[in-house]
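Please open the model in your viewer and keep the sequence panel visible. The tour moves from the whole chain to single residues.

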Amino acid sequence: LRDECGVSGWSLLQFPGDAVLVPAGAPHQVQSLSGTISVEQQFLSPESAVRLRQLGTDPAGTPRQLRAQLDGMIFAAVREALAVLRGCK
């Protein structure tokens, strides 16, 4: 990636109790030196939702969690828009 896109990698050593935040969309790789427990939360931002929709009209190739989050975001946006419209007279 460095030669093609000018992207540099980072290496770090994580100790018990440390947390590492990897920004959404950032490629990353993990090498465990001993037994570990990993807690992961995937978050779909509105910006990522646009990219997800652009992957194609058939989102079957996208992870089920991301599709569920996208559906939830659309539902919440429509619900909020309807509430605003109902308040207009």
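What follows is a list of selections, each with a short note on what is there.

**Whole chain**

Start with everything selected, and keep in mind that this is a predicted model. Colour by secondary structure: the protein has three helices and zero strands. Followed along the sequence, the order is α-α-α.

Now switch on the surface. About 8600 Å² is exposed by the protein, and 57% of that area comes from carbon and sulfur atoms. How many of the 89 residues count as buried? The share is 9%, where buried means under 20% relative accessible area.

If your viewer can list contacts, look at those in the protein with a separation of 6 or more: residues 24 or more positions apart account for 37% of them.

**The loop between helix 1 and helix 2**

Select residues 2-5 for helix 1 and 46-54 for helix 2; W10 sits in the loop between them. Show the side chain of W10. Is this residue buried or exposed? W10 has a relative accessible area of 81%, so it counts as exposed, the cut-off for that label being over 50%.

Next, add H28 and draw a distance between the two C-alpha atoms. W10 and H28 are 9.4 Å apart in space, with their positions 18 residues apart in sequence.

Stay in this loop and select Q31, which also lies between helix 1 and helix 2. Its relative accessible area is 68%, and Q31 is therefore exposed. For a second distance, pair Q31 with L13: the C-alpha atoms are 9.9 Å apart, and the residues are 18 apart in sequence.

**Helix 3 and its patch**

Select residues 64-87, which form helix 3, and find L82 within this helix. Why does L82 count as partly exposed? The relative accessibility of L82 is 39%, and the partly exposed class falls between the limits of 20% and 50%.

Finally, keep L82 selected and add I74, V78 and L85. What do these residues make on the surface? Together, I74, V78, L82 and L85 form a nonpolar surface patch of about 360 Å². Colour the four side chains alike to see the patch, and end the tour there.

Technical notes: Residues numbered from 1 in each chain as written. Predicted model: local features only at pLDDT ≥ 70, side-chain atom pairs only at ≥ 80, totals over all residues. Heavy atoms only, no water. Patch = residues over 30% accessible without salt bridge, like charges linked within 9 Å, V, L, I, M, F, W, Y side chains within 5 Å. Areas by Shrake-Rupley, 256 points an atom, 1.4 Å probe, with all protein chains shown as cover. Helix = DSSP H or I, 4+ residues; strand = E, 2+ residues; numbered from the N terminus. Buried < 20%, exposed > 50% of the residue type's maximum accessible area, 1.4 Å probe, protein only. Contact = heavy atoms within 4.5 Å.
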